[in-house]
Amino acid sequence: MNVSLTLWVLTIVGLAALIAADFFIGRKPHDVSVKEAGVWTIVWVALAGLFGLGLLVFGGGRPAGEFFAGFITEKSLSVDNLFVFVLIMAKFAVPSKYQQRVLLVGVLIALVLRAAFIAAGAAIIASFSWVFYIFGAFLIWTAWKLIQEARADEEYEEYEENRLLKAVERRFGVADRYHGTKLWIQQNGKRVMTPMLVVMLAIGTTDVLFALDSIPAIFGLTQDPYIVFTANAFALMGLRQLYFLIGGLLRRLVHLSYGLSFILGFIGIKLVLHALHESGVHVPEISIPVSLGVICAVLIVTTITSLMASRKQRAVAAQEPRLRTGGARKNSIDV
């Protein structure tokens with residue numbers, strides 16, 4: 001797409017207005033109900049859908065297909081990120097009524113940092129086409145790593161603060177308790193951070209690590225920086241509501257890692273084929289409609305099999321107390 005500077009400015013202003021509206025609506029700390037989270041999740045998805053339809057009308061089928069494929073991929077990868085967000089909230093003992101404010105600012109920090117990643121990625125791709133080989137190999141390696149972790153049935157360990165966050169805490173100091181939504185306070189004559197600011201920084205900087213696979217993944221679907229940025233923006237901005245909506249469902253998505261590994265591996269292969277094609281090698285390229293169909297099919301199958309497996313696990317767990325009770329009674333009778 002030939003995106004003018006005016007359209008870039010209008011898009012950023014429009015997204016900023018949406019973020020401001022979201023902040024204004026949720027400015028008062030409160031516990032987010034499932035109904036509220038569900039309504040706003042639908043709103044954000046609908047806005048993304050309208051944006052994609054706008055691309056279809058004014059840009060054609062290819063940009064719209066690339067946007068929807070990128071948006072769905074980024075959204076599915078962000079669901080896996082929510083596991084870590086849950087650990088961060090628990091690590092810092094964030095009161096439930098403040099969690100939405102933490103997520104809103106944390107996601108905003110992540111969006112700004114991702115924009116820098118996207119700009120750097122676009123510049124590298126424009127100058128060095130061979131970088132597709134690196135992106136493709138990295139995604140295939142990440143897919144294999146996800147499979148290995150899923151097969152090992154590893155549980156998420158307790159969140160550990162990264163070096164950057166620890167350095168910031170040592171530099172400025174941290175208050176011993178939350179002070180509402182305040183980010184800085186005066187303590188013993190010194191200006192220090194509150195735990196609220198620390199957890200916001202933790203959410204934002206942790207998401208940068210997730211961008212290491214999500215950004216190459218979406219560049220495997222489109223090389224248009226405008227589509228990459230907007231797909232990431234819409235996927236991230238609805239993440240706060242998604243956190244409260246499916247918080248209880250996260251543990252039931254037992255096959256999510258397998259689905260995401262397949263998607264990352266698929267996009268990695270697509271990138272390698274594209275790199276070979278750019279190098280003059282006659283190889284088939286995977287079209288956007290095929291990519292979109294594969295991504296949607298994998299997510300649907302993964303969700304269905306996950307829910308079936310978790311239901312079976314709960315049924316087995318419910319029967320275990322009965323079996324143990326029955327065994328104890330039999331032993332007592334035998335004695």
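What follows is a walk through the fold, one helix, the nonpolar core and the salt bridges of a predicted model.

Start with the overall layout. The protein chain is mostly a story of helices on paper: eleven of them, plus two strands. Reading from the N terminus, the order is α-α-α-α-α-α-β-β-α-α-α-α-α, which puts the two strands back to back in the run of elements. Of the 335 residues in the protein chain, 44% are buried. As for contacts with a separation of 6 or more, 79% of them join residues 24 or more positions apart. The accessible surface adds up to about 17,600 Å², and carbon and sulfur atoms hold 66% of that.

Helix H7, residues 195-219, deserves a closer look. With 25 residues at 1.5 Å apiece, H7 should span 36 Å, and the C-alpha atoms at its ends do sit 36 Å apart, so expectation and model agree. Even so, H7 has a kink of about 45°, centred on alanine 211. The surroundings of H7 are easy to describe: 22 of its 25 residues are buried, so the rest of the structure largely encloses this helix.

That ties in with the nonpolar core. The largest one counts 81 residues, and the members touching the most others are Phe67, Phe85 and Phe92. H7 is the top contributor to this core, giving 13 residues.

Then there are the charges. Side chains of opposite charge can pair when their charged atoms come close. Here the count comes to two salt bridges.

One of them joins the side chains of arginine 62 and glutamate 66, at 3.2 Å from N to O. Both partners belong to helix H3 (residues 61-91), and they are four residues apart, which is about one turn of the helix. Their surroundings do not match: arginine 62 is exposed, at 58% relative accessible area, whereas glutamate 66 has a relative accessibility of 8% and counts as buried, since the cut-off for that is under 20%.

The other salt bridge pairs the side chains of arginine 114 and glutamate 74, with 3.1 Å from N to O. Arginine 114 is in helix H4 (residues 99-127) and glutamate 74 is in helix H3, so this pair ties together parts of the chain that lie 40 residues apart in sequence. In this bridge, arginine 114 and glutamate 74 are both buried.

Definitions and conventions:
Residues are numbered from 1 along each chain as its sequence is written. This is a predicted model: local features need pLDDT of at least 70, side-chain atom pairs count only at pLDDT 80 or more; totals for chains, interfaces and linings use all residues. Side-chain values use heavy atoms; hydrogens and water are left out. Buried means under 20% relative accessible area, exposed over 50%, partly exposed in between (1.4 Å probe, protein chains only). Contact means heavy atoms within 4.5 Å. Accessible areas come from the Shrake-Rupley method with a 1.4 Å probe; for residues, only the protein chains shown count as cover. The expected span of a helix is 1.5 Å times one less than its number of residues. The bend at a residue is the angle between axes fitted to the seven residues ending there and the seven starting there. A nonpolar core is a set of buried Ala, Val, Leu, Ile, Met, Phe, Trp, Tyr and Cys residues joined through side-chain atoms within 4.5 Å. A salt bridge is a side-chain nitrogen of Lys or Arg within 4 Å of a carboxyl oxygen of Asp or Glu.
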